[in-house]
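Biologist: Got a minute to walk me through this one? I'd like to go from the overall layout down to single side chains.

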Amino acid sequence: MRIHTPQILWHNGTQNDNGKNAPLLSISLLSIEPPEHVLTSSSPTSTTPYPTVDILATAGNTAEVHLWSLDLAATFTTSPPAQSSAPQSIFQTSDYDFIRHVCLLERHERSVNSVAFSPDGLNLLSAGDGGVIILWAVPASKRGKGNGRYFWSDVVKESDLACKVVNASCEDIMDVSWAPDSKRFV
């Protein structure tokens, strides 16, 4: 097992913080692995069309959810091409690891306290102050043949995702969790 602690200095907090970075309150990692038929391919020269990166969602005490691309196997000497309108940034934790900011999700009006990818990889929940829960989902048109979870590596803007706002009209929500079947959450 390899353990790395990347430094993510992106959540800026409130205007009264004078530019100090806010703490991360929640993170969720979506591990993207090639399907079994790709892993068991008999051709040693076949190339996989599936991404080899993982997706990390982070939330701080701001009204934003950040998506990051993690590649624990690649080596870059220069920054990869820009794919987002947000400022590009790479934080290297060693010669073989990188984290790249992919997308900013800004539907929340108050602080986001928790994020969680569903076990099937098709949905992301974000919840926070004011009892608002937002369900971010891979669009139905991108879910065919069990490949939906791979769509997250292609997201470059908020409008790439289907979005449903659930207003629970209750107190602040501090944590969310998915059921193992990805059909329910609490």
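Modeller: Sure, we'll start with the fold and then move to the core, the aromatic rings and a few polar side chains. Keep in mind that this is a predicted model.

Biologist: OK, how many helices and strands are there in the protein?

Modeller: The protein has 1 helix and 9 strands. Reading from the N terminus, the order is β-α-β-β-β-β-β-β-β-β.

Biologist: And what share of the residues is buried?

Modeller: Of the 186 residues, 43% are buried. As for the surface, the protein exposes about 10700 Å², with carbon and sulfur atoms supplying 52% of that.

Biologist: What about contacts between residues far apart in sequence?

Modeller: If you take contacts with a separation of 6 or more, 62% of them are between residues 24 or more positions apart.

Biologist: Let's go inside. Which residues have the most contacts in the largest nonpolar core?

Modeller: Those are L67, L105, F117, L124 and W152, in a core of 23 residues. Strand 2 (54-60), strand 3 (65-71), strand 5 (97-105), strand 6 (112-117) and strand 8 (132-137) each give two or more residues to this core.

Biologist: Pick one. What does L124 touch?

Modeller: Beyond its neighbours up to four places away in sequence, L124 touches A57, V65, L67, L105, V115, A116, F117, I134, L135, W136 and W152.

Biologist: Is there another core apart from that one, and which residues are in it?

Modeller: There is another, of 7 residues, which include A116, I133, I173 and W178. As background, nonpolar side chains tend to be buried together in soluble globular proteins.

Biologist: Switching to rings. How many aromatic pairs are there in the whole structure?

Modeller: The search finds 2 aromatic pairs. One is F117 with W152, edge-to-face, at 5.2 Å centre to centre and 85° between the planes. That pair links distant parts of the chain, with F117 in strand 6 and W152 in the loop between strand 8 and strand 9, 35 residues apart. Both F117 and W152 are buried.

Biologist: And the other pair?

Modeller: W178 and F185, also edge-to-face, with 5.5 Å between centres and 65° between planes.

Biologist: Are W178 and F185 buried or partly exposed?

Modeller: W178 counts as buried because its relative accessibility is 14%. F185 counts as partly exposed because its value is 32%. The cut-off for buried is under 20%.

Biologist: New topic: where does R149 lie?

Modeller: R149 is in the loop between strand 8 and strand 9 (162-167). Outside its neighbours within four places in sequence, R149 contacts L30, S31, I32, P119, D120, G121 and L122. Take I32: R149 and I32 are 117 residues apart in sequence, yet their C-alpha atoms are 7.1 Å apart.

Biologist: Anything polar in that loop?

Modeller: S153 is in the loop between strand 8 and strand 9 too. A polar atom of the S153 side chain lies 2.8 Å from the backbone oxygen of Y150. S153 has a relative accessible area of 18%, so S153 is buried.

Biologist: Last one, H66. What does its side chain make a polar contact with?

Modeller: With the side chain of E64, at 3.3 Å. H66 is found in strand 3, and with a relative accessible area of 1%, H66 is buried.

Terms used: Residues are numbered from 1 along each chain as its sequence is written. This is a predicted model: local features need pLDDT of at least 70, side-chain atom pairs count only at pLDDT 80 or more; totals for chains, interfaces and linings use all residues. Side-chain values use heavy atoms; hydrogens and water are left out. A nonpolar core is a set of buried Ala, Val, Leu, Ile, Met, Phe, Trp, Tyr and Cys residues joined through side-chain atoms within 4.5 Å. Buried means under 20% relative accessible area, exposed over 50%, partly exposed in between (1.4 Å probe, protein chains only). Helices (H or I, at least four residues) and strands (E, at least two) are DSSP runs, numbered from the N terminus. Contact means heavy atoms within 4.5 Å. Accessible areas come from the Shrake-Rupley method with a 1.4 Å probe; for residues, only the protein chains shown count as cover. Rings of Phe, Tyr and Trp (its six-membered ring) pair if their centres lie within 6.5 Å; planes under 30 degrees apart count as stacked, over 60 as edge-to-face and the rest as tilted. A polar contact is a pair of N or O atoms within 3.5 Å; within protein, one must be able to donate a hydrogen and the other to accept it, and residues adjacent in sequence count only if both atoms are side-chain atoms.
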